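Work through the following exercises with the sequence and the model side by side. Each task is followed by a solution that proceeds step by step.

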Amino acid sequence: MRIEIPRELERFGANLFYGVQKVFELDSGSGEEEDSHNPLIRRLGYDVLHEVEKELVVIVPIKGEQLKLLQGVLYGIPHPCRVIIVSNSDRGPVDRFSIEKEAVRNFVGYTNKRMMIVHQKDQIIANAFAQAGYTDILDQDGLIRTGKAEGMIVGTMLARLTGRRFLGFIDADNYLPASVLEYVRIYAAGFALRKSDMTMVRIAWHSKPKVIDSRLFFSKSGRTSAVTNGFLNDIISRYTGFETDVIRTGNAGEHAMSMELAESLAYASGYAVETFHFIDLLEKFGGVTQELNHETTRRAIEVFQIESRSPHLHAEKGDDHIDDMIRASLGVIYHSPVTPEGVKGDLLADLRERGILADGEELPPVRMYPPPRTIDLPAFVSQMRHHPYAAFFDCETFPKRSRARATGRRPVETRSTLKSETISP
Ligand code: GDD
Ligand code: MG
């Protein structure tokens with residue numbers, strides 16, 4: 001991949017928010033070929049990206065999407081990545097989850113790919129969270145709550161057990177397999193550019209195609225993102241005293257993190273999750289509400305925003321869904337101690353103008369979950385050992401893998417468990 005280096009950088013405490021980077025070549029040849037003579041452009045050979053993909057787990061949250069869309073997403077994910085699908089699809093009257101599982105099983109048969117599919121309401125997974133003391137995520141039936149973020153947390157914990165270093169999320173409702181491939185390559189590029197262990201890569205999609213007056217129109221900004229980005233930039237501007245529009249990916253559903261960062265950030269429920277990741281970066285590493293220690297400041301947290309070349313074409317879910325997302329996103333901004341009062345006032349006025357908040361109505365706080373790092377890992381692992389798909393994680397070797405990482409030795413990958421990857425709860 002040939003990619004421009006960030007032209008803009010906004011520093012906020014220990015956070016480094018890079019401006020959007022453009023891609024000039026999706027494939028720029030192998031690492032051995034000549035390098036770019038242009039100091040503003042970096043060439044990342046496909047072998048470099050391939051090495052990162054070998055350390056990447058792709059998590060696909062899905063709830064009731066068309067099977068063809070899920071299959072398309074799977075076709076697009078590069079082979080070296082491990083894939084974890086967290087499904088919250090209906091089990092009845094039509095058992096959609098079983099249909100998804102069967103499709104995944106077929107796919108594994110054709111591709112020999114290491115992947116698994118779990119249901120969000122899997123009792124053993126819920127037990128593992130309960131035993132590990134992470135009980136906020138459980139509903140009154142003792143199962144994982146419904147919601148995209150809740151599925152992402154399940155995926156994050158399962159990804160953590162693989163011992164890999166990076167994880168990335170890809171929505172299951174993408175119509176274009178090739179754009180999925182591009183997103184994963186962009187994740188790999190971001191990680192290849194990183195200087196810190198605490199790194200996030202967010203996709204700024206190039207455009208979203210819509211039909212307007214019987215013609216295709218490629219709109220630049222998503223309806224939710226336009227609102228969220230505005231307020232996130234406002235917060236940064238008010239602290240620094242310089243207006244900025246550096247944040248372009250406030251709602252990016254397609255984003256990736258180093259495992260270390262994914263474990264350190266708190267999660268907001270449902271569709272507030274992506275916006276809250278930004279807010280949590282400001283809260284934890286911004287030096288405004290929590291003091292920064294020397295170690296954090298030294299390491300820095302890098303946030304890459306990289307623009308895809310393919311358009312983003314996904315299932316349209318209607319205006320009410322957009323309003324719900326705006327409400328959830330602005331809810332986490334409103335209730336954060338880093339948000340200045342002036343921004344809070346503007347935000348309420350904006351919600352009222354859009355008719356999302358009635359006059360005199362309060363904006364309720366969004367449910368929050370603590371960072372996955374707070375989960376008692378040995379207790380979680382001891383429950384997961386009983387799971388039919390424990391083999392996927394090499395649970396037995398997991399503690400050894402962690403030690404190997406600490407001493408810099410690389411754990412050996414084994415493909416011997418391939419056939420047991422698609423397992424029912
Ligand atoms: N496991 C699980 N559990 N998955 C879910 C759930 C759930 O309860 N709810 C939704 N999903 C899955 C969907 O099936 C889809 O694959 C993905 O999560 C995103 O949900 P969508 O409903 O398609 O969201 P969207 O397309 O409107 O919004 C996306 O983009 C936004 C930015 O433009 C999401 O990724 C948002 O989180 C993001 O902010
Ligand atoms: Mg979608």
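The exercises below treat the ligand site, then salt bridges, and then a surface patch.

The model is predicted, so that local features need pLDDT of at least 70 and side-chain atom pairs count only at pLDDT 80 or more, while totals for chains, interfaces and linings use all residues. Residues are numbered from 1 along each chain as its sequence is written, chains are lettered from A and ligands numbered from 1 in the order in which they are written, and side-chain values use heavy atoms, with hydrogens and water left out.

**Exercise 1.** Describe the surroundings of ligand 1.

Solution. Begin with the shell: 21 residues surround ligand 1, and Glu65, Asp171, Tyr271, Lys317 and His321 come nearest (a residue is near if one of its heavy atoms lies within 4 Å). By class, the shell holds six nonpolar, eight polar and seven charged residues, where Ala, Val, Leu, Ile, Met, Phe, Trp, Tyr, Cys and Pro count as nonpolar, Asp, Glu, Lys and Arg as charged, and the others, Gly among them, as polar. Next, look for polar contacts, which are pairs of N or O atoms within 3.5 Å. A polar backbone atom of Lys63 is 2.8 Å from an oxygen atom of ligand 1, a polar backbone atom of Val86 is 2.9 Å from a nitrogen atom of the ligand, and a polar side-chain atom of His314 lies 2.9 Å from an oxygen atom of ligand 1. Finally, the protein covers 94% of the 740 Å² of accessible area that ligand 1 has on its own (Shrake-Rupley method, 1.4 Å probe).

**Exercise 2.** Which residue forms a salt bridge with Glu361, and how exposed or buried is Glu361?

Solution. The partner is Arg327, with the closest N and O atoms 2.9 Å apart; a salt bridge is a side-chain nitrogen of Lys or Arg within 4 Å of a carboxyl oxygen of Asp or Glu. This pair links distant parts of the chain, since Glu361 lies in the loop between helix H12 (341-353) and strand E16 (368-369) and Arg327 in helix H11, 34 residues apart (helices of at least four residues and strands of at least two are DSSP runs, numbered from the N terminus). Glu361 is partly exposed because its relative accessible area is 29%, buried meaning under 20%, exposed over 50% and partly exposed in between, with a 1.4 Å probe and protein chains only.

**Exercise 3.** Where is Leu216 placed?

Solution. Leu216 belongs to strand E12 (residues 215-219), and it counts as exposed because its relative accessibility is 55%.

Conventions:
A polar contact is a pair of N or O atoms within 3.5 Å; within protein, one must be able to donate a hydrogen and the other to accept it, and residues adjacent in sequence count only if both atoms are side-chain atoms.
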